[in-house]
Amino acid sequence: MAFSCRRFWTALLPVVLALALAPAAFAQSSSTDERVRDLEQQVEQLKAEIAAMKSGGGNAEADRLAELERRLEVLAVEIEKLKIGEAAAAADQSEQGFGPAASKIYRTERGLSVGGYGEVIYQQIDEGEEEGEGAAAKSEEGEEEEEEEGGDHFDLRRAVIYVGYKFNDRILFNSEVEFEHAGEEVEVEFAYLDFLWRPQLNFRAGLLLMPVGFLNELHEPTVFLGANRPDLEQRILPTTWEEGGFGLFGAAGPFTYRTYIVNGLDAEGFTDDGLRGGRQGGSEAKAEDLAWVGRLDYTGLPGLLAGGSVYTGKSGQGLETASGRQLGVRTTIAEGHLEWRWRGLEFRTLGVRAELDDVAELNEVLGLAGDESIGEKLKGFYLQLGYDLLAGRAAGKALIPFARWESFNTQDAVPAGFSVNPDTDFEILTLGVSYKPIEQLVLKVDYQNVDNEAGTGADRFNVLLGYVF
Amino acid sequence: MFLTVDEALKLAFPGCEVARRAAFLKPEQVQRARELSGAEVPSALVNYYVASRGGQPAGTAWFDTHRVRTLPETLMIVVDPQGRVGRIEVISFREPEDYLPRGAWYEQFRGKALDPGLQLKRDIRPVTGATLTARATTDAVRRVLALHQILIGAGKP
């Protein structure tokens, strides 16, 4: 009998435990918002009880009233902890000596962060001027598909999903996966791990966005004016430009910096049109040659961003001449940038200069002759001015007419024995307007007057709808 | 998480006595705070910390938790005895830190009162690449100043 009784309790124990623990398990699984709501309801009940007792008088209830007020205070503190999260819990730990386990619930809020952005564009290209040797300054996206499709087109240019995960306060992962042209191409634009140590010094490794120019790291459609990125920031600064590598980043006083070692560009992809084809994007990238890229910005005055970046490294990646000499093709790209924002005004300017070594040999290896030479020097600048007519009037809304002037040349110098193709020397005027009904949506309409020395530039009319969340 | 509540309070009010207060807003107070700030007031229960030194008011610290993009941040916003913004500290920030403005940007708020100029692209300059954080911060400061005005009065600690 004693045996069967023990068996009975042994069998029953898990059930009893499960029942006893169920509320706790449920509470843990419920979201913070629900917990806050529950606690707020309890606070309201307690307030009502206290009010009822106060109106009823009754000295005998004094102790009970004090107890209810104490409970009310406890609940108010609990709600504050849930709202603020681990910062409040940690305060408990230091104040009341709770061990880590006691405040564990507040420390479970690790972050899975999901975001995204996208762009849909309708683009008219002035076909009349598009004759010639493929010389039109094509927009970043137009560059590929426009050549195939020609003329006017509509394109779900990109739909992007950000996924980040915060393992703890020190280690986080961040990534961007991009579907281009309605899924025709899929690309991981960045995927890196950050190891945070202190504001001045942190470590980053993975597939990194090169910290150059305005747009390579910040290219959500709501962040820049114009349906297309400046052409300069596509050909000489080849946005979006990501390579595998590692490095340091941080901020000290009014300065921020990044310094990375990455796999170098691949000179095999360079053309007279610029460096864009040399990007490797982390896809089985050649890493025979490495490069260094660094950036320094000053942000000491609100509204001002002033800085510069340098990329330097060999791009030969094992290329050899017919005689067996390995090509270095040192590539150095230096840029300076300045942005000033004051009330509704936004002004940007950027200047860039790139220099390449071993270009004559590279041309020979790649079979480029005459005016097809890769530029030994590339240079350009742009100025952009916009003004938000709704600045400060309606929260989140913006109506920004703007103008941008670009001048650049992807063959500013070519080696002896080669000639310059006039269709690489551009001047582009963009006039347009951006309208944001809310901070995260933008409608952009602009006209781009594209001129080159050869007279083959194709003007563009663009309408773009962009979102970010 | 950058600071605990305790650390932030010690930073804001060194050598002060700090008392925690809880306020239960009436519906009309919530409505008034919305109107004054132009921002959402998500809870009728608000906690704040009143600091004094030698019996003299030293300021009030408000902790405001709000969503930036998809994840929350908590700010400590100190209001001085004249009802103007003092120190702002980021207590926790769950979005990637790329979306976090630098310290100098927060200094723009110092000394500001709740007036129509306290808006992005008016007295507050935006930050490229951290627009949503800038917007959320400006809303939080307006919300806190409105609550301060309603619960404590514009010119009190």
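**Reading the sheet, core and contact of chain B**

Me: Which residues touch the most other members of the largest nonpolar core?

Reply: The general idea: in soluble globular proteins, nonpolar side chains tend to be buried together. In this predicted model, the largest nonpolar core holds 48 residues, and B:Ala61, B:Trp62, B:Met76, B:Ile77, B:Ile91, B:Val141 and B:Val144 touch the most other members.

Me: And which elements give two or more residues to this core?

Reply: They are helix 1, strand 2, strand 3, strand 4, strand 5 and helix 4, each of chain B. Helix 4 of chain B has the largest share, with ten residues.

Me: Let's zoom in. With what is B:Val144 in contact, leaving aside neighbours within four places in sequence?

Reply: Look for B:Trp62, B:Asp64, B:Ile77 and B:Val79. There's also another core lying apart from the largest one; this one has 46 residues, including A:Val293, A:Tyr311, A:Ala354 and A:Val450.

Me: Now the sheet. In what order do the five strands of chain B run, and is the pairing parallel or antiparallel?

Reply: As a rule, strands of a sheet pair through backbone hydrogen bonds, either parallel or antiparallel. Here the five strands of chain B make an open sheet, ordered 1-2-3-4-5, with antiparallel pairing. Strand 1 and strand 5 of chain B each have a single partner strand, so one side of each is left without a neighbour in the sheet. From one strand to the next, the twist averages 25°.

Me: Over how many bridges do strand 1 and strand 2 of chain B pair?

Reply: Eight bridges, in the antiparallel sense. To pick out one partnership, find B:Ala23: its bridge partner in strand 2 of chain B is B:Val46.

Me: Which helices lie across these strands?

Reply: Helix 4 of chain B lies across strands 1, 2, 3, 4 and 5 of that chain, at about 45° to strand 4 of chain B. Helix 3 (residues 62-84) of chain A also lies across strands 1, 2, 3, 4 and 5 of chain B, and runs at about 100° to strand 2 of chain B.

Me: So to the contact: how many residues come from each chain?

Reply: People often give the size of an interface as the accessible area lost when the parts come together. Counting residues instead, the contact takes 35 from chain B and 48 from chain A. Elements that give two or more residues to chain B's side include helix 1 (5-12), strand 3 (56-67) and helix 3 (103-106) of chain B. Helix 4 of chain B makes the largest share of that side, three residues.

Me: How many nonpolar, polar and charged residues does the side of chain B that touches chain A have?

Reply: It has 14 nonpolar, twelve polar and nine charged residues.

Methods
Residues numbered from 1 in each chain as written. Chains lettered and ligands numbered in written order. Predicted model: local features only at pLDDT ≥ 70, side-chain atom pairs only at ≥ 80, totals over all residues. Contact = placed C-beta atoms within 7 Å. Helix = DSSP H or I, 4+ residues; strand = E, 2+ residues; numbered from the N terminus. Nonpolar A, V, L, I, M, F, W, Y, C, P; charged D, E, K, R; others polar. Pairing = 2+ DSSP bridges. Axes fitted to C-alpha atoms, helices over the stretch in contact; angles between N-to-C directions. Core = buried A, V, L, I, M, F, W, Y, C linked by C-beta atoms within 7 Å. Buried ≥ 20, exposed ≤ 12 C-beta atoms within 10 Å, placed from the backbone.
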